[in-house]
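Got the sequence and the fold open side by side? Let's walk through it in questions and answers.

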Amino acid sequence: MSDEDREERELDLTSPEVVTKYKSAAEIVNKALQLVLSECKPKGKIVDICEKGDAFIREQSGNMYKNAKKKIERGVAFPTCISVNNTVCHFSPLASDETVLEEGDMLKIDMGCHIDGFIAVVAHTHVLQQGPVTGRTADVIAAANTAAEVALRLVRPGKKNKDVTDAIQKVAAAYDCKIVEGVLSHQMKRFVIDGNKVVLSVSSPETRVDEAEFEENEVYSIDIVTSTGEGKPKLLDEKQTTIYKRAVDRNYHLKMKASRFIFSEISEKFRIMPFTARALEEKRARLGIVECMNHDLLEPYPVLYEKPGDLVAHIKFTVLLMPNGSDRITTHNLQELQPTKTVDDPEIKGWLSLGTKTKKKGGGKKKKGKKGDKAEELPDAEAMDTAPDGCSSQG
């Protein structure tokens, strides 16, 4: 075996150290989500709350591996976003933005952390109100949650990406909701938040991906976005885009001094992971980013919208395909939901009854989960294991 092969093998889930780093990143992002949720109150300024989420991830990850022999990169893997009501994703405004939360708002919180390039991402939906969530609001959240639970059980070795695409659409339809188009669930690797193996949210003639089979020791971010509307989000204002990722395979000699300065700063601070323009000097960034975008040096994560009045829910989680089954490492408990719909479809119930762990016989062959391994029809956080990335691939 070549040194390169050995290194590659050691940097997947066969290495206990790699699993520990994924789980450490997950623990930080789960706590960051909890902190952000506690800060979400009526009249709270969205940019301030996003900044607190990012600062928490930077601080907590910065405390890890301080004494490592070689420098270990760690920090924000996806900037904190709080997208409200019919906003689908990626709302992480600049410091000058005055948008505040209001009582009754439906929030989608999306964020990520990495330790040494091993990434954990999560997205969660919360309604800013006391008491149970009811009506169509509850339906759209329940649709996202049930679809996430089904996806967790179908993202397993031997299953194909198309199996998941078809299943989550069926779940959404059971709640009279739509899976939002353009959202991709990705395999993740070290320093790669959007790997080549992809699960489509909705298959259509315009959007095609290669058929792929899930394999043991892979890591995925499963990204589910549901809507009471048409599920065809639109970009309304390019100026709202604040999250970008450097296109590492592109080079161009920028003409403007401001652009060169900004691109140099991006290349130094945010070589690989998505970042927020908030982290750059605002006036200079506004100028510089335009030229960088014009020459494809940056990939944007646009702020997308359904129609006013449509309700949108987002659940994203990170799952490790371990030899003993699927380990969901990012999550947060939902509010009490009282949806108007119930799931009666036998196929959906069958998916939900699958265990997430596999048992091994003496010969080391894997066997499907036993009956005693079943989860509830709509599992709680315990059944969901421990910890949700997808809209981040729109654009």
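Q: Leaving aside neighbours within four places in sequence, which residues is serine 24 in contact with?
A: Keep in mind that this is a predicted model. Serine 24 sits in helix α2, which covers residues 16-39. Once the neighbours within four places in sequence are set aside, the contacts of serine 24 are Met64 and Ile115.

Q: Is serine 24 buried or exposed?
A: The cut-off for buried is under 20% relative accessible area. Serine 24 has a relative accessibility of 11%, so it counts as buried.

Q: Which element supplies the largest share of the largest nonpolar core?
A: That core has 49 residues, and Cys40, Ile82, Leu101 and Met111 have the most contacts inside it. At least two residues each come from α2, α3 (46-62), β1, β3, β4 (118-127) and β15 (312-322). The largest share is eleven residues, and it comes from α2.

Q: How many residues does the second, separate core have?
A: Met106, Ala148, Val319 and Leu321 are among its members. This core is separate from the largest one, and its residue count is 39.

Q: What is the bridge partner of isoleucine 82 in β3?
A: Isoleucine 82 is one of the residues with the most contacts inside the largest core. Leaving out neighbours within four places in sequence, its contacts include Val36, Cys40, Phe91, Leu101 and Ile109. β1 and β3 (residues 106-115) pair in the antiparallel sense over eight bridges. In β3, the bridge partner of isoleucine 82 is isoleucine 109.

Q: How many of the eleven residues of β1 are buried?
A: β1 is largely enclosed by the rest of the structure, because its buried residues number ten of the eleven.

Q: Asparagine 85 and asparagine 217: what is the phi of each?
A: Most residues other than glycine have a negative phi. Asparagine 85 lies in the loop between β1 (74-84) and β2, while asparagine 217 is in the loop between β8 (198-200) and β9 (219-227). Both go positive: asparagine 85 has a phi near 55 degrees, and for asparagine 217 phi is near 70 degrees.

Q: Is asparagine 217 buried or exposed?
A: Let's take the two asparagines in turn. Asparagine 85 has a relative accessible area of 26%, so it is partly exposed. Asparagine 217 has a relative accessible area of 18%, which makes it buried.

Q: Which strands stand at the edges of the open sheet with the order β2-β14-β10?
A: The pairing in this three-stranded sheet is antiparallel. β2 pairs with β14 (residues 304-305) over two bridges, and threonine 87 has tyrosine 305 as its bridge partner in β14. Each edge strand has a single partner strand, so one side of each is left without a neighbour in the sheet; these edge strands are β2 (87-89) and β10 (234-235).

Q: Which strands are at the edges of the sheet with the order β12-β11-β13?
A: This is an open sheet of three strands with antiparallel pairing. An edge strand here pairs on one side only, and the two that do so are β12 and β13.

Q: What angle does the direction of α7 make with that of β13?
A: Start with the sheet: two bridges join β11 to β12, and in β12 the partner of tyrosine 244 is phenylalanine 275. α7 packs on this sheet and touches β11 and β13; the angle between its direction and that of β13 is about 110 degrees.

Q: Which residues of α7 are buried?
A: α7 (residues 282-294) has 13 residues and reaches 18 Å from first C-alpha to last, close to the expected 18 Å. The cover over its buried residues includes β11 (243-246), α6 (257-269) and β13 (298-301). Those buried residues are Ala285, Gly288, Ile289, Glu291 and Cys292.

Q: Which exposed residues does the face of α6 turned away from its buried side carry?
A: Ala258, Ser259, Ile262, Phe263, Glu265 and Ile266 are buried in α6. Seen down the helix axis, they fall within an arc of 160 degrees, so they line one face. Their cover includes β11, β12 (275-276), α7 and β13. The face turned away from that buried side carries the exposed residues Lys257 and Glu268.

How values were computed:
Residues are numbered from 1 along each chain as its sequence is written. This is a predicted model: local features need pLDDT of at least 70, side-chain atom pairs count only at pLDDT 80 or more; totals for chains, interfaces and linings use all residues. Side-chain values use heavy atoms; hydrogens and water are left out. Helices (H or I, at least four residues) and strands (E, at least two) are DSSP runs, numbered from the N terminus. The expected span of a helix is 1.5 Å times one less than its number of residues. Buried means under 20% relative accessible area, exposed over 50%, partly exposed in between (1.4 Å probe, protein chains only). Contact means heavy atoms within 4.5 Å. The arc is that of the directions from the helix axis to the C-beta atoms. Two strands pair if DSSP finds at least two bridges between them. Axes are lines fitted to C-alpha atoms, for helices over the stretch in contact, and angles run from 0 to 180 degrees between N-to-C directions. A nonpolar core is a set of buried Ala, Val, Leu, Ile, Met, Phe, Trp, Tyr and Cys residues joined through side-chain atoms within 4.5 Å.
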